[in-house]
Amino acid sequence: MDWRHNWRRTFQAAIDGIKYAYTTQRNMRVHVYASLIVILFGILLGVDTSEWLWLLLCITVVIAAELMNTAIEAVVDMVMPDQHPLAKIAKDTAAGAVLVTAAFAVITGAIIFGGRFVTLIGTL
Ligand SMILES: Nc1ncnc2c1ncn2[C@@H]1O[C@H](COP(=O)(O)OP(=O)(O)OP(=O)(O)O)[C@@H](O)[C@H]1O
């Protein structure tokens with residue numbers, strides 16, 4: 001098997017994982033739609049280069065955390081289909097990681113867009 005075939009398989013597996021998370025996880029879809037709205041506002045309100053970097057960092061971190069959360073949920077469901085306190089800890093902690101990244105994204109968004117929204121509302 002040459003390296004190109006190997007690389008394509010690895011890439012396809014990653015795309016399959018992202019598709020799985022998007023189609024099965026409501027929160028993943030919420031993150032994707034929220035990201036698209038942020039990008040739209042970024043374009044409309046003319047954010048600068050360093051602000052774009054912060055927004056893209058937030059989007060990446062939240063979506064990556066949701067993907068890891070989905071992976072942890074799948075592993076927990078595979079090894080522990082019954083109720084178990086450690087299964088609860090694993091799922092709740094993974095969900096906590098997503099919450100922390102989402103809070104970071106909301107605060108960053110408020111810092112970047114807050115002043116612009118106030119100015120915009122003031123001009124109406
Ligand atoms: N095997 C288990 N043992 C103990 N508690 C569990 C177990 N599976 C789930 N739970 C508890 O139920 C909650 C919801 O679990 P579920 O599998 O529905 O995942 P979820 O976090 O709701 O993810 P989703 O975004 O897919 O709805 C978990 O956060 C956890 O507190």
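User: Let's start with H2. Which exposed residues sit on the face of H2 turned away from its buried side?

Analyst: One thing before that: this is a predicted model. As for how to read a helix face, an α-helix has 3.6 residues a turn, so residues three or four places apart point the same way. Here, the face of H2 turned away from the buried side carries Arg26, Tyr33, Leu36, Ile37, Leu40, Ile43 and Leu44, which are exposed.

User: And which residues of H2 are buried?

Analyst: Met28, His31 and Val38. Viewed down the axis of H2, the buried residues stay within an arc of 80°, so they line one face of the helix. That face has company: the buried residues of H2 pack against helix H1 (3-24), helix H3 (49-79) and helix H4 (85-122).

User: How do I check the length of H2, and what span should its 19 residues have?

Analyst: Compare the end-to-end distance with the expected rise. For H2 (residues 26-44), 1.5 Å a residue predicts a span of 27 Å, and the end C-alpha atoms are 27 Å apart, so the two agree. Just past the helix comes Gly46, with a positive phi near 60°.

User: How many residues does H3 have, and how far does it reach?

Analyst: H3 has 31 residues and reaches 45 Å from first C-alpha to last, close to the 45 Å expected at 1.5 Å a residue.

User: Let's zoom out. How many helices and strands does the protein have?

Analyst: There are 4 helices and 0 strands, and from the N terminus the order is α-α-α-α. To judge the overall spread, set the radius of gyration against the globule rule. The protein comes out at 18 Å, well over the 14 Å the rule gives for 124 residues, so it is more spread out than a compact globule. The C-alpha trace spans about 55 × 45 × 20 Å along its principal axes.

User: What share of the residues is buried?

Analyst: Buried residues make up 15% of the 124. On the contact side, take pairs at least 6 apart in sequence: 68% of those contacts join residues at least 24 apart.

User: Which residues form the largest nonpolar core?

Analyst: That core has 12 residues: Ala21, Met28, Val38, Leu55, Cys58, Val62, Ile63, Ala65, Leu67, Val98, Ala105 and Ile112. To read a core, ask which elements feed it. H2, H3 and H4 each supply at least two residues, and H3 gives the most, with 6. Leu67 from this core is in contact with Gly17, Ile18 and Ala21, leaving aside neighbours within four places in sequence.

User: Which residues of H3 are buried, beyond what I'd guess from the core?

Analyst: The full set is Leu55, Cys58, Val62, Ile63, Ala65, Glu66, Leu67, Asn69 and Thr70. They pack against H1, H2 and H4.

User: Glu66 catches my eye. What does UniProt list it as?

Analyst: The unreviewed UniProt entry lists Glu66 under "active site". With any annotated residue, look at where it lies, how covered it is and what it touches. Glu66 is found in H3 and is buried, since 25 other C-beta atoms lie within 10 Å and the cut-off for buried is 20 or more. Outside its neighbours within four places in sequence, Glu66 is in contact with Ala21, Gln25, Asn27, Met28, His31 and Val98.

User: Which residue does the "binding site" annotation cover?

Analyst: In the unreviewed UniProt entry it covers Glu73, another residue found in H3. Is Glu73 handled the same way? Run the steps again: Glu73 is partly exposed, with 18 other C-beta atoms within 10 Å. Not counting residues up to four places away, Glu73 touches Lys91 and Ala94.

User: Which residues does UniProt list as "transmembrane region"?

Analyst: The unreviewed entry gives 30-47, 53-76 and 97-118. A useful habit is to lay each annotated span over the helices. For 30-47, the end C-alpha atoms lie 23 Å apart and the span is 83% helix. For 53-76, the ends lie 34 Å apart and the span is 100% helix.

User: Last one: what does Tyr22 touch?

Analyst: Tyr22 lies in H1 and touches Met28, Arg29 and Val32, not counting residues up to four places away. With 16 C-beta neighbours inside 10 Å, Tyr22 counts as partly exposed.

Methods: Residues are numbered from 1 along each chain as its sequence is written. This is a predicted model: local features need pLDDT of at least 70, side-chain atom pairs count only at pLDDT 80 or more; totals for chains, interfaces and linings use all residues. The radius of gyration is taken over C-alpha atoms; the globule rule is 2.2 Å times the number of residues to the power 0.38. Two residues are in contact if their C-beta atoms, placed from the backbone, lie within 7 Å. The expected span of a helix is 1.5 Å times one less than its number of residues. The arc is that of the directions from the helix axis to the C-beta atoms. A nonpolar core is a set of buried Ala, Val, Leu, Ile, Met, Phe, Trp, Tyr and Cys residues joined through C-beta atoms within 7 Å. UniProt positions are given in the numbering used here, feature names are shortened, and annotations may be inferred rather than shown by experiment.
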